[in-house]
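Here are some short exercises to help you find your way around a new structure. Try each task yourself, then read through the worked solution.

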Amino acid sequence: MNSRTLLRRGYTQVSDLGCDNDKRDSSKYVNDPIHGYINLDEQVLQLIDTPQFQRLRHLKQMGSSYFVFPGASHNRFEHCVGTSYLASEVVKGFAQRQPELGIDERDSRCVTLAGLCHDLGHGPFSHVFDNEFIPRACPGMIWSHEEGSEMMLHHTIDENHIDIDEGDITFIKQLIRGSSQPVGDEKMFLFDIVANKRNGVDVDKFDYIQRDCYNVGVNSSYDFQRLMLNSRVIDDEVCYNAKEAFNLTEMFHTRYSLHKRVYSHRAAKAIEFMIVDALLIADPVLKISQSITSPHMYQSLTDEIVRDIERSSAPELREARDIIARIHTRDIYKFVDEYILPADMASIANNACINEAKIVGYRSDNDDFVERDVLIDFCLIHYGMRRDNPVDRINFYSKYNTAEKFPISSGLISLCVPEKYEERIIRIFTRTPSKRGQIQGAARRLMEELSSRIVASSPSNSSAHITPNRGLTLPNNLPQSPVKRRRLDFSM
């Protein structure tokens with residue numbers, strides 16, 4: 001350990017404990033609600049004890065879902081620490097069970113640090129930033145939080161003078177990015193641990209699924225610890241014991257369920273639209289979108305950007321402040337309608353076929369809503385591999401022959417499995433709650449016209465018809481939401 005690292009962590013070159021520095025145990029333990037006690041060694045602490053990593057304490061793991069699920073207050077910080085711990089445990093397990101793999105200290109160190117730093121590049125409210133804000137603030141730009149993680153990893157190492165070999169930095173970045181193809185002379189199975197591009201089974205999912213379920217109060221029916229114990233490397237690929245096939249099926253089902261019930265919750269999505277609107281209004285003033293190319297600016301960009309807007313007195317941010325005030329008073333944008341598209345109609349789930357202007361074009365004579373009142377969400381939910389069953393991409397082994405890998409078809413795991421593994425949903429929202437009924441009527445007329453055209457062009461596609469969900473049909477005399485009273489009435 002060099003003197004610069006010691007001084008940065010609050011130690012003098014003569015140990016504060018009055019003992020030889022070479023013999024001092026510099027590791028720490030933290031008690032995590034998901035994994036129990038986690039040991040943080042010196043190489044991990046060198047990155048954790050930096051302003052760039054501590055920034056993750058101020059990024060909600062589940063973004064706008066926290067406004068709907070009060071328990072979803074956990075942050076990217078603990079998720080990254082948990083992912084790093086699991087990555088380290090997986091590598092240690094392989095090294096102990098299969099010494100012939102030749103796993104060395106560099107392999108273990110790089111995989112552990114990749115797990116630790118894989119989310120360094122997330123922006124405010126996590127996926128809201130790179131999936132919703134950046135595409136609208138910077139049209140045509142393709143940018144992901146993984147790119148941000150690579151940028152922030154370099155910045156963290158440079159700013160804090162952390163001694164990591166350049167080749168190791170490149171390897172860590174490759175592990176964060178993931179690969180399903182050989183990368184130089186690196187061991188291919190190591191790429192299955194943090195960001196598995198072959199089948200999606202990785203420690204990132206192990207941690208966030210368990211952590212999110214725990215914090216929002218959703219039961220998880222799969223056991224990631226069994227998966228870690230019942231795995232081995234065959235032909236440079238992480239494979240699983242055949243008896244864990246249903247456990248893996250449950251993992252992907254749990255992921256789907258979280259997306260369906262939690263991550264895509266209607267109210268959370270409505271608030272997400274509001275946050276994006278506020279950020280877009282503030283962007284010309286606060287230069288939010290420019291931060292993705294400047295690590296110094298990005299280091300200061302957290303969920304606190306919303307508070308910065310609220311505290312500002314700039315007249316240019318008044319509209320953004322008003323939107324944020326609506327969130328606080330629960331005067332949020334309203335859900336209008338949704339349509340789960342049959343497979344034959346998946347082609348219409350795009351902005352060319354369905355957009356605000358087209359819905360306005362189907363107004364009735366007495367309607368007065370405009371494009372600004374309409375919001376459209378194209379939602380794609382799947383098991384992790386789009387229309388494919390990810391379990392079909394996993395290789396297994398038998399306890400009778402641990403050297404041979406083979407796939408297991410879903411029909412041999414259970415007959416009670418889905419026939420389809422993705423669904424496309426079109427959801428309509430409005431910025432103006434009083435216009436909900438008008439917008440729903442116009443949107444349904446548009447959807448009816450689109451489905452009729454598809455049937456007419458291909459009569460064999462008789463299933464290409466959208467039947468409105470009666471449970472979502474708004475009454476004609478829908479009462480307007482009363483102004484919320486702010487005074488408690490104790491007269492009753």
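Arg387 is exposed, with a relative accessible area of 62%, and it is a good place to begin. Keep in mind that this is a predicted model.

**Exercise 1. Find the salt-bridge partner of Arg387 and describe what the pair joins.**

Step 1. Look around the side chain of Arg387 for an acidic partner: Glu422 forms a salt bridge with Arg387, and their closest N and O atoms are 4.0 Å apart.

Step 2. Place both residues. Arg387 sits in the loop between strand 6 (374-382) and strand 7 (396-398), while Glu422 belongs to strand 9, so the pair ties together parts that are 35 residues apart in sequence.

Step 3. Compare their surroundings. Arg387 is exposed at 62%, whereas Glu422 has a relative accessibility of 18% and counts as buried, because buried means under 20%.

**Exercise 2. Work out which strands pair with strand 9, and in what sense.**

Step 1. Start with strand 5 (residues 334-340): six bridges join it to strand 9 (residues 422-430), and the two run antiparallel.

Step 2. Turn to strand 6, which also pairs with strand 9 in the antiparallel sense, over nine bridges.

Step 3. Pick out Phe429 in strand 9. Phe335 stands opposite Phe429, and Leu375 stands opposite Phe429 as well.

Step 4. Check how covered the partners are. Strand 5 is mostly covered, with five of its seven residues buried. Seven of the nine residues of strand 6 are buried, so strand 6 is largely enclosed by the rest of the structure.

Step 5. Keep one rule in mind while you look at the strands: in a regular strand, side chains alternate between the two faces of the sheet.

**Exercise 3. Examine the salt bridge between Asp207 and Arg211, and decide whether its residues are buried or exposed.**

Step 1. Locate the pair: both residues lie in helix 9 (residues 203-216), four residues apart, which is about one turn of the helix.

Step 2. Check the contact. The side chains of Asp207 and Arg211 meet in a salt bridge of 2.9 Å, N to O.

Step 3. Read the accessibilities. Asp207 is at 0% and counts as buried; Arg211, at 2%, counts as buried too.

Step 4. Set another pair beside this one. Asp331 forms a salt bridge with Arg326, with the closest N and O atoms 3.3 Å apart. Here Asp331 is partly exposed at 35%, and Arg326 is partly exposed at 21%.

Step 5. Step back to the whole structure, where a search finds 33 salt bridges. Some residues are linked in a network of salt bridges, as with Glu105, Arg106, Arg109, Asp168 and Glu186.

**Exercise 4. Explore the region after helix 7: which residues form the negative surface patch, and what is the phi of His161?**

Step 1. Find Glu159, which lies in helix 7 (residues 145-159). Glu159 is partly exposed, with a relative accessible area of 40%.

Step 2. Gather the members of the patch: Asp158, Glu159, Asp163, Asp165 and Glu166 form a negative surface patch.

Step 3. Move to His161, in the loop between helix 7 and helix 8 (166-177). Its relative accessibility of 42% makes His161 partly exposed.

Step 4. Read the backbone angle. Phi of His161 is near 55°, a positive value in a residue other than glycine. Most residues other than glycine have a negative phi.

Step 5. Look at a second example, Asp236, whose phi is near 65° and also positive. Asp236 lies in the loop between strand 3 (231-234) and strand 4 (237-241), and at 32% relative accessibility it counts as partly exposed.

**Exercise 5. Contrast separation in sequence with separation in space for Arg445 and Gly361, then for Phe406 and Ile394.**

Step 1. Begin with Arg445 in helix 17 (residues 436-457). Arg445 is partly exposed at 36% relative accessibility.

Step 2. Go from Arg445 to Gly361: the two are 84 residues apart in sequence and 9.9 Å apart in space, C-alpha to C-alpha.

Step 3. Now take Phe406, in strand 8 (residues 401-406), which is partly exposed with a relative accessible area of 26%.

Step 4. Go from Phe406 to Ile394: twelve residues separate them in sequence, and 8.3 Å separates them in space, C-alpha to C-alpha.

Notes: Residues are numbered from 1 along each chain as its sequence is written. This is a predicted model: local features need pLDDT of at least 70, side-chain atom pairs count only at pLDDT 80 or more; totals for chains, interfaces and linings use all residues. Side-chain values use heavy atoms; hydrogens and water are left out. Patches are made of residues with over 30% relative accessible area and no salt bridge: like charges are joined within 9 Å, nonpolar side chains (Val, Leu, Ile, Met, Phe, Trp, Tyr) within 5 Å. Accessible areas come from the Shrake-Rupley method with a 1.4 Å probe; for residues, only the protein chains shown count as cover. Lys and Arg count as positive and Asp and Glu as negative; His and the chain ends are not counted. The place of a charge is taken as NZ of Lys, CZ of Arg, CG of Asp or CD of Glu. Buried means under 20% relative accessible area, exposed over 50%, partly exposed in between (1.4 Å probe, protein chains only). Two strands pair if DSSP finds at least two bridges between them.
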